[in-house]
Every structure is written in structure tokens, then in C-alpha cells.
Amino acid sequence: MHFTTVDYVIFVLLLVASAGIGLFYAFSGGRQRTTQEFLMADRSMSCLPVSLSLLATFQSAVAILGAPSEVYAFGTQYWFLGVSYFLGLLIPAHIFIPIFYRLRLSSAYEYLELRFNKTVRICGTATFIFQMVIYMGVVLYAPALALNAVTGFDLWGAVLAMGLVCTLYTALGGLKAVIWTDVFQTVVMFAGQLAVIVVGAGQAGGIAEVWRKATNGSRIAGLDLNPDPLERHTFWTLGVGGVFLMLALYGVNQAQVQRYLSSRTEKEAVMSCYVVFPCQQIVLCMGCLMGLVMFARYGEDSPLVKGYVKTTDQMVLYFVMDVFKELPGLPGLFVACLFSGALSTISSAFNSLATVTMEDLIKPYFPNMTESKATLMSKGLALVYGLVCLAMAYIASLMGSVLQAAFSIFGMVGGPLLGLFCLGIFFPWANPKGAVVGLVAGLAMAFWVGIGSFVMRMSRSSAGPALNTTALPLFDNMTSTALASMVTNPTAKPRPTGVEALYSLSYMWYSAHNSATVVVVGLLVSLLTGPMKEKELTPGTVFPVLGTLLFFLPERYKEKLCCITPLAMKAKDIHTPPYQMAKKDSNGAAFCGEDAAAEDKSQTEEERTLPSCQLTAHIVEETAL
């Protein structure tokens with residue numbers, strides 16, 4: 001099974017088109033001369049491209065390879081992950097987006113300074129950079145390795161082509177180029193997957209025959225309501241545990257938050273979340289259908305059992321080459337689809353890393369930097385991260401089975417970051433010390449459970465029947481956790497106890513478990529070290545839900561917990577110009593920029609005598625919920 005000339009032409013066209021979009025935005029419009037245009041797309045994007053870009057970042061090459069393999073091996077139980085999409089998008093749309101958008105942020109971690117202090121912001125930024133740098137190389141290397149194993153396509157040729165093209169259009173075209181190439185790549189992804197399903201189902205005798213074979217082979221799963229958190233996939237692990245994974249991705253991850261903030265209005269940012277929902281359901285159904293078509297073709301006699309492929313992540317490519325062997329050009333289309341997923345993931349990573357490095361680590365220490373220098377440095381950062389990505393791909397090639405550990409490390413970081421943001425947004429009394437200690441505790445717990453689980457699985461596989469593990473997270477490319485597709489020995493195992501039970505926790509609960517650790521530890525430390533008072537909080541950084549939930553408490557306790565006055569802003573009129581938000585300096589004290597527009601002619605004499613900072617903060621509170 002090898003590529004024909006037509007396949008190579010289609011694959012090269014994908015790379016040329018992606019580079020072309022980047023070059024177009026590098027030499028058109030404002031030509032990426034300001035950081036606002038380069039990093040935030042001039043806050044001018046409409047709903048549709050933003051939503052398709054959100055989807056493309058979510059739908060990585062890893063997911064395209066992993067989801068069908070999961071359904072082939074275990075059945076359609078995985079489809080219930082779609083239930084988590086509802087709350088996983090509704091909560092960001094109505095809680096996270098309004099707060100981030102109204103604060104006029106560039107980096108999601110800027111929020112942490114406004115809510116806590118600069119130390120917490122730097123901790124959050126450093127955690128995110130660590131997370132993304134590890135993941136970039138793996139997401140670039142994994143599909144290239146699978147392609148090389150099945151088709152003989154040159155491994156490092158594919159890695160270099162993807163890495164360099166991606167670096168080129170991200171460094172030249174900025175966020176606009178990333179978003180519009182994501183739109184193009186989403187179309188290619190849909191086309192590639194649809195072609196496989198249509199041709200594969202036709203060769204198997206039609207969709208009805210595919211369904212019949214899947215039913216006879218026990219691949220159509222019912223509703224499993226088993227509440228055991230150690231069970232890998234049940235309705236609760238997928239539908240409830242999946243919500244926390246979705247929140248970590250769509251609520252607080254810089255790559256997604258940056259897209260919301262590039263929208264023209266808050267309403268369009270919220271609408272992009274709603275548009276993603278049906279698109280995600282379609283993508284999930286396509287992944288499941290491809291897995292069922294694979295089962296209809298091979299049954300229990302899989303290419304893995306026969307030794308045609310070494311791991312489950314290579315099965316999808318083997319299937320595609322097998323189905324399309326008489327149809328030149330279509331394998332190239334699917335490979336273009338696969339690498340579109342990788343390109344969209346990596347370009348989003350480059351851009352978000354350049355943004356957080358610029359906004360969180362460089363600008364605060366060089367406040368007088370000119371706009372042209374800042375833009376040039378941002379482009380340089382995107383370029384540097386591109387080269388780091390290629391270096392990480394080389395390191396990933398040396399890791400072998402440790403690839404699983406790399407994915408696990410990535411997943412371990414998403415949960416604690418979600419917990420850190422939830423601590424700030426929902427709990428007004430949480431203080432900076434609680435935030436830092438909570439984040440450290442969450443990361444420690446995540447690494448303990450994740451690495452312990454990995455070691456336990458490896459020791460079992462060396463002691464007993466061979467486990468075929470693959471390092472592919474199945475459903476997303478930004479908050480994936482631990483080991484995803486796994487063909488295990490079907491014999492019943494005794495239920496683990498003690499620490500082993502913790503290590504056996506379903507990977508779908510990792511994000512919930514780790515974020516809960518951050519919140520619980522953070523709240524306890526905050527109460528012990530002196531909870532924050534209402535006057536110390538920057539207006540607009542807390543979502544007013546706690547006061548409602550604690551309605552039964554006496555007023556004096558509610559006052560101690562800082563939840564008497566709601567602190568989230570409410571936009572009274574969409575058409576009113578945005579006002580300058582109160583910000584914090586390094587010692588956590590609030591300060592305000594000058595905002596002449598905020599001074600209303602109807603001010604009282606007493607208001608006119610107030611310092612400008614107090615006055616601005618007072619006006620902000622007047623618009624509170």
C-alpha cells in the first residue's frame with residue numbers, strides 16, 4: 001500500500017493552500033503591524049470562522065485516528081461523550097466568555113492577575129507553556145509515524161513539511177491566518193472522513209448491513225448507568241466527567257479563549273460557542289460511523305491481530321489505504337484531512353504560546369516597548385515556538401512507549417488550570433496564597449495519579465498478557481488525558497482497592513478530580529490565611545452565583561465569605577462603548593486607567609471630588625448584576 005502521484009499532489013496542495021492563506025494575511029489589511037492585529041485578529045472576526053476554528057482546534061489528527069479505533073475495539077459507548085458537549089459549551093458561553101470579554105483581555109492568564117496577583121498569573125502561564133510545548137511535538141509526530149508505518153510515506157519529510165508550513169503562516173499571518181486556515185482545514189477534514197464512510201459503507205453492503213454486523217458483533221452499546229468511577233467508559237464518566245474536560249478546553253484554554261476575544265462583539269463570541277455544538281455532534285457521529293464501518297469490514301479479525309499494524313492508532317490509516325486501493329487520490333484526501341487536524345492544532349498552539357509569552361512574561365516588564373517592536377517580537381516568538389515544536393517531535397521519536405506518558409502529562413495539567421480559574425470566578429473569598437497552594441496541590445495530585453496509573457499499567461502488561469496501548473487521546477487535542485484507546489485482556493479482574501483504586505480511576509475523571517483538588521485546597525488555605533474582602537476584589541472578576549446558593553446563611557457569615565454584593569458586570573447596552581477596566585499592579589492593589597468617557601455629566605458634587613480610580617470602580621459597580 002503506497003501513495004500514487006495523485007495522492008502526493010493532493011497532499012502538497014493542502015500545504016500550499018494553507019501557506020497561501022497565511023501569506024495573503026501577511027500582505028493585506030493592516031499587514032500584521034500591531035500586536036492587536038497579529039495576536040487578536042484586530043478583534044474583528046465574525047461568528048462562523050471563529051466557531052469553525054474552535055472546532056478545528058478541537059478535532060485534531062489524534063482524534064481522527066483515535067475515535068474510530070475506540071469504537072472498533074469497544075463499541076459505541078464512546079458516543080455518549082456527546083452528552084457532555086451541552087454543559088461543556090453552555091457554561092463557557094454564559095460564564096467564562098462574558099467575564100473574559102468584558103475585561104478586554106488578550107491572555108486568559110491576565111485574568112489571574114486581576115483576580116489574584118502577578119505571581120498567580122505567572123504560575124498559570126508557566127503551567128500552560130509547559131503543557132503546550134510537550135503536546136506540540138507529539139501531535140506533530142504521532143500522525144506522521146502512523147502514516148510512515150502504513151504507507152511508507154517519508155516520516156521526517158512529513159514532520160518537516162507540516163512544521164515549517166505551519167510556522168510560516170502562523171508567524172507571518174497571525175491569528176487571522178490561523179483562523180481562516182482552520183476554516184479551510186475543517187472543510188478538508190469533513191470531506192476526508194465523509195469519503196471514507198461513504199466508500200467503506202458501500203463496499204460493506206450499505207449502512208443497514210454495517211449496522212447489522214455491528215449489532216451482531218456487540219458493538220452497539222446501550223446506556224450504561226454504572227456509577228463506578230473506575231469503569232473506563234460509562235454514561236457518567238463520559239457525560240459528567242466529560243463536562244470538566246470540555247470546560248478545561250472551551251472555558252479556560254488560551255487557544256480557545258483567544259478566538260472568543262477576537263470576535264467583533266460579545267454576542268458573536270457566545271454564538272460561536274452555540275454553532276460549535278451541532279458541528280461537534282456531527283464530527284463525533286462521523287468518528288463513530290467510521291469505527292462501525294471498520295468493524296463491518298474486518299469483524300473480530302482485525303489488522304492488529306494479523307500483525308499488519310503494530311498499534312491501534314495505525315488501524316484507521318490501514319483501513320483507509322485498504323478501502324481506497326482502487327481509487328487513486330482518495331488516500332491523499334484522507335491524509336490531507338489527517339494533517340489538516342494536526343496543522344490546526346499546532347498553529348493554534350504557536351499563536352496562543354506567542355500571545356501568553358508576550359502579554360504575560362514580556363510586556364509587564366517592558367511597559368515602554370513600542371508597538372512595532374512588540375509586533376516583531378510576537379512574530380519572532382511564533383517562529384521560535386515552531387522550531388521548538390520540531391525539536392519536540394524529534395524527542396518524541398526517541399521516547400517510544402513513553403509517548404503515553406507525554407499525553408498523560410498534557411492531560412494532568414488541564415484539570416488544575418480549570419480548578420484555578422473556577423477558584424477565582426466562583427469563590428470571592430479565595431486569596432492569592434490559596435490559589436498558588438491549590439494549583440501546586442492539584443498538579444502534585446495529577447502527576448501522582450497519572451504517573452502511578454502509567455507505571456501500574458506497564459507493570460501489569462509486562463507481568464501478564466500483552467496490552468496493546470496507544471497514545472491517542474480520543475476526543476480532543478488540548479485537554480486530553482492519559483491513555484485512550486486500549487485493547488485489554490477480556491478476563492474479569494478483581495476490583496482494585498486502596499491506592500490501586502486511585503490509579504485505576506477512569507481517565508475521563510482526571511480533569512474533575514484534579515480541578516476539585518485545586519478548589520478544595522485553595523479554599524481551605526484561603527480561609528486559614530485570611531479570606532479576601534470585597535473591597536480588595538477587582539470588579540467584574542467574580543461570577544455572582546455563591547450568594548444565591550448560600551441564601552440560608554446569616555448575613556454576617558455571607559459578609560465574611562465576601563458574597564453579599566454580586567461582582568460580575570452586566571452589559572446594559574451592547575452598543576455602548578467599552579469602558580476601561582480596573583486593573584491591578586504587582587502588589588495586588590487596584591488601579592485604573594484614565595477614561596474620560598466614564599465621567600457622566602450628571603455626577604454629583606461628591607462624586608466629582610472622588611479620586612479617578614474610585615470613581616471608575618464606582619461606575620463599574622453601577623452596571624453590576
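Helices here are DSSP runs of type H or I with at least four residues, and they are numbered from the N terminus. Keep that in mind, since the tour moves from helix to helix. The model in your viewer is predicted.

**Stop 1: the whole chain**

Show the full protein chain. It has 24 helices and 4 strands. How many of the 625 residues count as buried, as a percentage? The figure is 59%. Now turn on the surface. The accessible surface of the chain comes to about 24200 Å². Carbon and sulfur atoms hold 66% of that area.

Next, think about contacts along the chain. Take the contacts with a separation of 6 or more. Residues 24 or more positions apart account for 84% of them.

**Stop 2: the largest core**

Select Phe100, Tyr111, Leu317, Phe334, Phe339 and Phe427. These residues have the most contacts inside the largest nonpolar core, which has 159 residues. Which helix gives this core its largest share? Select residues 155-204: this is helix H8, and it supplies 18 residues of the core.

A second, separate core has 5 residues. Among them are Val449, Leu505, Trp509 and Ala512.

Now zoom in on Phe427. What does it touch, once neighbours within four places in sequence are left aside? Its contacts are Arg115, Cys422, Val519, Leu523 and Leu546.

**Stop 3: a covered helix**

Select residues 315-323. This is helix H14, and it is mostly covered. In fact, 9 of its 9 residues are buried. Click along the helix and you will pass Met315, Val316, Leu317, Tyr318, Phe319, Val320, Met321, Asp322 and Val323, each buried. You have met Leu317 already, in the list for the largest core.

**Stop 4: the end of H8**

Go back to helix H8 and pick Gly202. Is Gly202 buried or exposed? Residues over 50% relative accessible area count as exposed. Gly202 has 51% relative accessibility, so it is exposed.

Now measure a distance in your viewer. Gly202 and Val293 are 91 residues apart in sequence. Their C-alpha atoms are 9.5 Å apart in space.

**Stop 5: Glu268**

Move to helix H12, residues 266-298, and select Glu268. Buried means under 20% relative accessible area. Glu268 has 19%, so it counts as buried. Which residues touch Glu268, not counting those up to four places away in sequence? Look for Met45, Ser46, Cys47 and Ser263.

**Stop 6: two positive phi angles**

Most residues other than glycine have a negative phi. Here are two residues with a positive value.

Select Arg104. It is not a glycine, yet its phi is positive, at about 55 degrees. Arg104 sits in the loop between helix H5 (81-102) and helix H6 (110-115). With 32% relative accessibility, Arg104 is partly exposed.

Select Ser218 next. Its phi is positive too, at about 60 degrees, and Ser218 is not a glycine either. You will find Ser218 in the loop between helix H9 (207-216) and H10. Ser218 is exposed, at 58% relative accessible area.

**Stop 7: along the loop to Asn226**

Stay in the loop between H9 and H10 and select Asn226. Its relative accessible area is 29%, so Asn226 is partly exposed. Asn226 is in contact with Glu231, Thr234 and Trp236, leaving aside neighbours within four places in sequence. Measure to Trp236: it is 10 residues from Asn226 along the chain, and the C-alpha atoms are separated by 7.5 Å.

**Stop 8: where H10 meets H20**

Two packed helices are described by the angle and the distance between their axes. Select residues 235-250 for H10 and residues 510-529 for H20. Their axes come within 7 Å. The crossing angle is roughly 70 degrees. Angles of 65 to 115 degrees count as roughly perpendicular. So H10 and H20 are roughly perpendicular to each other.

Show the side chains at the meeting point. Phe244, Leu245 and Ala248 come from H10. They meet Ser511, Ala512 and Ser515 of H20. This contact includes 4 nonpolar residues, 2 polar and no charged. Ala512 also appears in the second core.

Finish on Phe244, in helix H10. Phe244 is partly exposed, at 29% relative accessibility. Not counting residues up to four places away in sequence, Phe244 touches Leu418, Ser511, Ala512 and Ser515. Take one last distance, to Gly414. Phe244 and Gly414 are 170 residues apart along the chain, with their C-alpha atoms separated by 9.5 Å.

Definitions and conventions: Residues are numbered from 1 along each chain as its sequence is written. This is a predicted model: local features need pLDDT of at least 70, side-chain atom pairs count only at pLDDT 80 or more; totals for chains, interfaces and linings use all residues. Side-chain values use heavy atoms; hydrogens and water are left out. A nonpolar core is a set of buried Ala, Val, Leu, Ile, Met, Phe, Trp, Tyr and Cys residues joined through side-chain atoms within 4.5 Å. Buried means under 20% relative accessible area, exposed over 50%, partly exposed in between (1.4 Å probe, protein chains only). Contact means heavy atoms within 4.5 Å. Accessible areas come from the Shrake-Rupley method with a 1.4 Å probe; for residues, only the protein chains shown count as cover. Axes are lines fitted to C-alpha atoms, for helices over the stretch in contact, and angles run from 0 to 180 degrees between N-to-C directions. Angles under 35 degrees count as roughly parallel, over 145 as roughly antiparallel, 65 to 115 as roughly perpendicular and the rest as oblique. Ala, Val, Leu, Ile, Met, Phe, Trp, Tyr, Cys and Pro count as nonpolar, Asp, Glu, Lys and Arg as charged, and the others, Gly among them, as polar.
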